[in-house]
Amino acid sequence: MTDIAILLVTLLAGAIVLWPKLAHRPRWRAMITPLASIIGSGFLVLGPVLDASFGGYAPLVMAGLCAMAWAFGAAIRFNMAEDDPGIAHDPLPLPHLETAASWALAFSYIISVAYYLNLFGAFAVSLTPFDNRVWADTVTTAMFLVILGIGWSGGFRVLERVEYLSVAIKLAIIAGLLTGLGAYFWSKATAGALDFIAPERTGWSALTLAFGLIITVQGFETSRYLGASYDTRIRIASMKLAQGLSSAIYMVYVVLLAYVFARSELKLTETAIIDMMRVVSPILPGMLVAAALAAQFSAAIADTSGAGGLFAEVTHRRLSPRKAYALLAACGIALTWSANVFEIINYASRAFAGYYALQALIAAAKAHARHRFGPRALGFAALALLGAAIVVFGEAAGG
């Protein structure tokens, strides 16, 4: 019955997301891009990492990550509103901050693509006899070369047309996963077999690990860069909706996952979710691999394309998008063979935290120009310090 319910919910969710009347609504289309980024890669690794590291307190840590992401999103939304061409606003007091933020985001893209494709490689071999680090890294390297070839041939625009389909597949499978996990949680609860396991990380170690996981709730900033398609009001609303819905999904997921496995059943690997879901339903591992491959490939395409354009912009076209793709592939392949997935997650978290810190600093400067040392300016300044702390102290899982 659980397997049937999982399949039915997955099909129903897919049909709803692909429903033309919904798919063509501007606010929904605007929301789906940041939503897909937020719950894409992070969804696959975050649950097992939180469960293994924080035990029964995993939902509290998840709530903290969502709150942190919302706060950084508030700074970016403030900047979006201030930059609206339809609203008169004072020039930025520190004009070089935007340039610095663009550079930070461009380099963050390099690491995030490595993160996506390393997960792609790990999940691609996870259900095969070649499930080991060497084969996973080989697949990842091959994917970097494929994406480089697509970028050089100008094929990104064609691939971006199927992005919505990959998002629909991913969201539908997540709905099925939550259905299966909910049924398993209920069976454990009614049997009095829920398990509150003690955390392995406490104190400062727990805090620095949480800092290193900010990438798993990253992606909301993509709303800022949809200006060619949507006005500021819709883009701000899209970020709020995406963050609200993703937070709800994450909280349900982590609560359902945190209390149904004993310590002996937990492994801290990038594909741990597959082994955990085998216990829930035999059909979930294959579905999760399909979701992982679709999610990582589409996310890697989106960020590679974004990185190419951003590097061209910040270098005033001295570095062409093609050369940027080559730089991204070279750096990504080097990261693949020199670091594990959890280390790359940490690097990506710290890179994006640097970008968020600069956005918060920009927001603080703009708020200060309007109201001097008002609560909003002080709050954004504190947020910039938090972003800087994440850059300095963020720690990798297993580190």
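A charge counts as sitting over a ring when NZ of Lys or CZ of Arg is within 6 Å of the ring centre and within 35 degrees of the ring normal.

**View 1. Arginine 77 over the ring of tryptophan 70.** Like the other close-ups, this one comes from a predicted model. Here the charged end of arginine 77 sits 4.4 Å from the centre of the tryptophan 70 ring. That's within the 6 Å that the rule allows.

**View 2. A tilted ring pair, tyrosine 184 with phenylalanine 261.** Ring centres within 6.5 Å make a pair, and by this rule the count comes to 14 aromatic pairs. In the pair shown here, tyrosine 184 and phenylalanine 261 are 6.1 Å apart, centre to centre, with 35° between the planes. Planes under 30 degrees apart would be stacked and those over 60 edge-to-face, so this pair falls into the tilted class. What does the pair tie together? Tyrosine 184 belongs to helix 9 (residues 163–190), while phenylalanine 261 is in the loop between helix 11 (232–258) and helix 12 (272–280), so parts 77 residues apart in sequence are tied together. Both tyrosine 184 and phenylalanine 261 are buried.

**View 3. Sequence neighbours tyrosine 355 and tyrosine 356, ring against ring.** The two ring centres are 5.7 Å apart and the planes meet at 55°, so this pair is tilted. Tyrosine 355 and tyrosine 356 are both buried. Pull back a little and they turn out to belong to a cluster, where ring pairs link them with Phe72, Phe220 and Phe352.

**View 4. Methionine 277 in the largest nonpolar core.** That core has 129 residues, and those with the most contacts inside it are Leu50, Met62, Tyr250, Tyr253 and Met277. Who touches methionine 277 once residues up to four places away in sequence are left out? The list reads Leu177, Leu181, Leu257, Phe261, Leu284, Pro285 and Leu288. Phe261 is on that list, and phenylalanine 261 is also the ring partner of tyrosine 184.

**View 5. Positive phi at histidine 316 and arginine 317.** Most residues other than glycine have a negative phi. Histidine 316 isn't a glycine, yet its phi is positive, about 55°. Arginine 317 isn't one either, and has a positive phi of about 70°. Histidine 316 lies in the loop between helix 13 (284–314) and helix 14 (321–338), and arginine 317 is in the loop between helix 13 and helix 14 too. Are they buried or exposed? Relative accessibility is 61% for histidine 316, so it counts as exposed; arginine 317 is exposed as well, with 60% relative accessible area. The cut-off for exposed is over 50%.

**View 6. Helix 14 and its buried side.** With 18 residues at 1.5 Å a residue, helix 14 should span 26 Å, and its end C-alpha atoms are 26 Å apart, which agrees. Its buried residues are Ala324, Tyr325, Leu328, Ala329, Gly332, Leu335 and Thr336. They cover an arc of only 135° around the axis, so they are on the same side of helix 14.

**View 7. Asparagine 118 and alanine 124, two residues of helix 6.** Asparagine 118 lies in helix 6 (residues 96–125) and is buried, with a relative accessible area of 4%. Leaving out residues up to four places away in sequence, asparagine 118 touches Asp137, Thr140, Thr336, Val341 and Ile344. One of these, Thr336, is among the buried residues of helix 14. Alanine 124 is also in helix 6, but at 27% relative accessibility it counts as partly exposed. With the same neighbours left out, alanine 124 touches Val139 and Leu293. Alanine 124 and alanine 290 are 166 residues apart in sequence, yet 8.8 Å apart in space, C-alpha to C-alpha.

**View 8. Glutamine 359, a buried residue of helix 15.** Helix 15 runs over residues 341–371 and holds glutamine 359. How accessible is glutamine 359? Its relative accessible area is 1%, so it is buried. Setting aside neighbours within four places in sequence, glutamine 359 is in contact with Ala75, Ile76, Asn79, Glu98, Ala101, Arg224 and Tyr225.

**View 9. Glycine 203, exposed in helix 10.** Helix 10 covers residues 203–211, and glycine 203 is found in it. The relative accessible area of glycine 203 is 55%, which makes it exposed. Glycine 203 and glutamate 270 are 67 residues apart in sequence and 24 Å apart in space, C-alpha to C-alpha.

Notes:
Residues are numbered from 1 along each chain as its sequence is written. This is a predicted model: local features need pLDDT of at least 70, side-chain atom pairs count only at pLDDT 80 or more; totals for chains, interfaces and linings use all residues. Side-chain values use heavy atoms; hydrogens and water are left out. Rings of Phe, Tyr and Trp (its six-membered ring) pair if their centres lie within 6.5 Å; planes under 30 degrees apart count as stacked, over 60 as edge-to-face and the rest as tilted. Helices (H or I, at least four residues) and strands (E, at least two) are DSSP runs, numbered from the N terminus. Buried means under 20% relative accessible area, exposed over 50%, partly exposed in between (1.4 Å probe, protein chains only). A nonpolar core is a set of buried Ala, Val, Leu, Ile, Met, Phe, Trp, Tyr and Cys residues joined through side-chain atoms within 4.5 Å. Contact means heavy atoms within 4.5 Å. The expected span of a helix is 1.5 Å times one less than its number of residues. The arc is that of the directions from the helix axis to the C-beta atoms.
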